[in-house]
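Me: I've got a structure on screen and want to know what backs up the labels people put on it. Can we go through them one by one?

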Amino acid sequence: MSRSRMITHSITLVLLIVMVLTATGQPVRAVPTAEYVSNVDMTYDDPTKTACTTSDDDCSRRGAISFANATTEGSVTHITIPPGTYYFSRSGSGENLNATGDLDILYRDVYLHGINNETTLIDGQIYDRVFDNHGGTLTMEHLKIAQGRAPGGNMGGGAILNRSGAKQILNDVIINNNSVLGTDPNNDYGGGISNYGIMTIQFS
């Protein structure tokens with residue numbers, strides 16, 4: 001093959017790559033190992049309701065997140081939360097396995113789909129912060145987060161703590177009336193959000 005033909009083929013390949021990136025707007029994401037869908041069917045904060053099948057009353061929001069945390073690495077879980085007020089009733093801050101207090105996302109890709117940000121409300125009842133993203137990719141849309149309170153000296157974030165290495169995406173989310181308990185200027189900040197990772201906020 002002549003040098004001129006080799007150069008032409010190289011340029012064509014570069015153009016094809018540019019066209020693909022331009023068409024998608026971003027690099028292609030890795031294909032998940034598995035995808036799951038959970039439909040929350042109860043407002044009560046019951047950590048044992050993790051089955052999330054088509055049966056009634058077997059999928060709390062805490063249970064759905066625990067289900068997501070137990071999936072294989074690389075999996076994606078979509079959790080649909082219908083209209084309603086979802087109160088916390090499991091007191092006990094400082095626990096990081098999603099059993100009490102805040103809702104812990106443990107290194108998984110999780111999507112929380114509310115219906116709209118006025119009728120789907122997650123209420124922390126001032127027990128703890130509401131969400132603690134330890135290192136996964138947490139996407140939330142069309143919901144409201146209120147009444148979260150981060151414990152003092154614990155990285156802040158009354159509604160959401162997004163830790164180092166974690167990714168958080170908020171789309172059409174209202175964060176209202178959350179707080180931090182404590183006055184340490186090095187730890188007690190971010191009444192609504194405390195972000196140490198990557199965060200995208202849009203239409204919120």
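Me: Why is the contact between Asp132 and Arg163 called a salt bridge?
Reply: A salt bridge is a side-chain nitrogen of Lys or Arg within 4 Å of a carboxyl oxygen of Asp or Glu. For Asp132 and Arg163 the N to O value is 2.8 Å, so the pair qualifies under that cut-off. Keep in mind that this is a predicted model, where local features need pLDDT of at least 70, side-chain atom pairs count only at pLDDT 80 or more, and totals for chains, interfaces and linings use all residues. Side-chain values use heavy atoms, with hydrogens and water left out, and residues are numbered from 1 along each chain as its sequence is written.

Me: What makes the Asp132 and Arg163 pair a tie between separate parts of the chain?
Reply: Asp132 sits in strand 7, while Arg163 is in the loop between strand 10 (160-162) and strand 11 (167-176), so the two tied parts are 31 residues apart in sequence. Strands here are DSSP runs (E, at least two residues), helices are runs of H or I with at least four, and both are numbered from the N terminus.

Me: How do you know whether Asp132 and Arg163 are buried or exposed?
Reply: Buried means under 20% relative accessible area, exposed over 50%, and partly exposed in between (1.4 Å probe, protein chains only). Asp132 has 0%, so it is buried. Arg163 has 17%, so it counts as buried as well.

Me: Which residues are linked with Asp132 and Arg163 in a network of salt bridges?
Reply: Asp102 and Arg129 join them in that network. Arg129 and Asp102 have their closest N and O atoms 3.6 Å apart, so this pair also passes the salt-bridge test. Arg129 is in the loop between strand 6 (120-123) and strand 7 (131-133), and Asp102 is in the loop between strand 3 (84-87) and strand 4 (103-105), so parts 27 residues apart in sequence are tied together. Both ends are buried: Arg129 has a relative accessible area of 1%, and Asp102 has 2%.

Me: How many salt bridges does the structure hold, and what is the N to O value for Asp45 and Arg62?
Reply: The structure holds four. Between Asp45 and Arg62 the closest N and O atoms are 2.7 Å apart. That pair links distant parts of the chain, with Asp45 in the loop between strand 1 (35-39) and helix 2 (61-69) and Arg62 in helix 2, 17 residues apart. Asp45 is at 0% relative accessibility, so it counts as buried, and the 0% of Arg62 gives that residue the label too.

Me: What makes helix 2 largely enclosed by the rest of the structure?
Reply: Seven of its nine residues are buried, so the description fits. Among the buried ones are Arg61, Gly63, Ile65 and Asn69. Helix 2 lies across strand 4 and strand 7, at about 20 degrees to strand 4. For that angle, axes are lines fitted to C-alpha atoms, for helices over the stretch in contact, and angles run from 0 to 180 degrees between N-to-C directions. Contact means heavy atoms within 4.5 Å.

Me: How do you know that strand 4 and strand 7 pair?
Reply: Two strands pair if DSSP finds at least two bridges between them. Strand 4 and strand 7 run parallel and are joined by three bridges, so they pass. Asp104 stands opposite Asp132 in strand 7.

Me: Why are strand 4 and strand 13 said to stand at the edges?
Reply: The open sheet has four strands in the order 4-7-10-13, with parallel pairing. Strand 4 and strand 13 (193-195) each have a single partner strand, so one side of each is left without a neighbour in the sheet. The twist averages 10 degrees from one strand to the next.

Me: What makes Tyr107 exposed, and what is the label for Ile126?
Reply: Tyr107 has a relative accessible area of 53%, so it is exposed. Ile126, at 36%, counts as partly exposed. Tyr107 has a positive phi, near 60 degrees, in a residue other than glycine, and Ile126 has a positive phi of about 60 degrees although it is not a glycine. Tyr107 is in the loop between strand 4 and strand 5 (109-113), whereas Ile126 is in the loop between strand 6 and strand 7.
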